[in-house]
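Me: I would like to go through some of the labels attached to this model and ask, for each, what justifies it.

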Amino acid sequence: MKFFVIAVLVVLASASYKTEDQCDKRWAYKKLGNTNTTICENYPLGSLMVSLTYFIKNRHKICSQVQEERWCYPNVFNEWLTKNDAWEGTTSIKFKALEKLNVYLLGCTTNKRQILKWYDEKKSGRDIIVNIHGGNIWAMVEFAYPDRVSVANPRDPREDSIPIDQVIKACYFENGNFGVRE
């Protein structure tokens with residue numbers, strides 16, 4: 001009975017989140033930042049960019065404004081990152097550049113207990129993005145349990161839960177005051 005209740009809660013909670021698919025036909029074949037690959041081809045960097053788009057889309061008021069809604073999609077965020085010199089070569093994103101969007105990196109860790117602590121103290125407007133599958137995928141944490149994390153995986157939207165031991169690194173983000181600074 002206990003397992004059934006937990007399973008129902010996970011299914012119901014997961015239904016409230018919808019990440020964008022990294023290989024959605026609207027942006028799959030767009031060049032990713034400074035790389036020679038596309039958003040779909042580049043697993044780690046593409047999934048990080050899509051997960052950050054997901055965070056911004058779901059945590060920023062700007063995405064609920066009709067005229068700015070298009071801004072909150074991976075292809076447009078990819079262009080913003082390029083235009084604002086926010087790519088760290090071909091391997092990462094300059095998180096400091098995201099402060100123009102009032103998105104702040106609060107910290108990163110490889111400590112599983114710290115991930116659970118962040119989740120327990122998580123406040124509105126804060127989210128955890130984890131690096132999983134041997135470092136190949138970044139995904140948003142929906143729920144964290146002592147032995148598992150439920151994720152919104154842009155590479156495989158059907159995947160919903162993985163053992164916490166498979167988390168390589170976690171980064172904790174805050175959305176600031178919901179707006180774009182000039």
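Me: What makes aspartate 156 count as partly exposed?

Reply: In this predicted model, aspartate 156 has a relative accessibility of 25%; buried would require under 20% and exposed over 50%, so aspartate 156 counts as partly exposed.

Me: How do you know that aspartate 156 and arginine 158 meet in a salt bridge?

Reply: The N to O distance between the side chains of aspartate 156 and arginine 158 is 3.1 Å, and the rule asks for a side-chain nitrogen of Lys or Arg within 4 Å of a carboxyl oxygen of Asp or Glu, so the pair satisfies the rule. Arginine 158, with a relative accessible area of 74%, is exposed, because the cut-off for that word is over 50%.

Me: Why is the contact of arginine 26 with glutamate 20 called a salt bridge?

Reply: Their side chains meet at 3.9 Å, N to O, and since the limit is 4 Å, the pair is accepted. Glutamate 20 is buried at 6% relative accessibility, whereas arginine 26, at 46%, is partly exposed. Glu20 and Arg26 also belong, with Asp24, to a network of salt bridges.

Me: Why is aspartate 85 called exposed, and what is lysine 94 called?

Reply: Aspartate 85 has 51% relative accessibility, and because exposed means over 50%, the label applies. Lysine 94, with a relative accessible area of 27%, is partly exposed. The two residues form a salt bridge in which the closest N and O atoms are 3.3 Å apart, and by this rule the count for the model comes to six salt bridges.

Me: What puts the buried residues of helix 4 on the same side?

Reply: The buried residues of helix 4 (residues 112-121) are Ile115, Leu116, Trp118 and Tyr119. They cover an arc of only 160° around the axis, which places them on the same side of helix 4; on the other side, Arg113 and Asp120 are exposed. The buried residues pack against strand 3 (104-109), strand 4 (126-132), strand 5 (137-144) and strand 8 (169-174).

Me: Why are strand 3 and strand 7 called edge strands?

Reply: The open sheet has six strands in the order 3-8-4-5-6-7, with antiparallel pairing, and strand 3 and strand 7 (161-163) each pair on one side only, which is why they are its edges.

Me: How do you know that strand 4 and strand 8 are paired?

Reply: Pairing requires at least two bridges, and six bridges join strand 4 to strand 8, which run antiparallel, so the condition is met.

Notes:
Residues numbered from 1 in each chain as written. Predicted model: local features only at pLDDT ≥ 70, side-chain atom pairs only at ≥ 80, totals over all residues. Heavy atoms only, no water. Buried < 20%, exposed > 50% of the residue type's maximum accessible area, 1.4 Å probe, protein only. Helix = DSSP H or I, 4+ residues; strand = E, 2+ residues; numbered from the N terminus. Arc of directions from axis to C-beta. Contact = heavy atoms within 4.5 Å.
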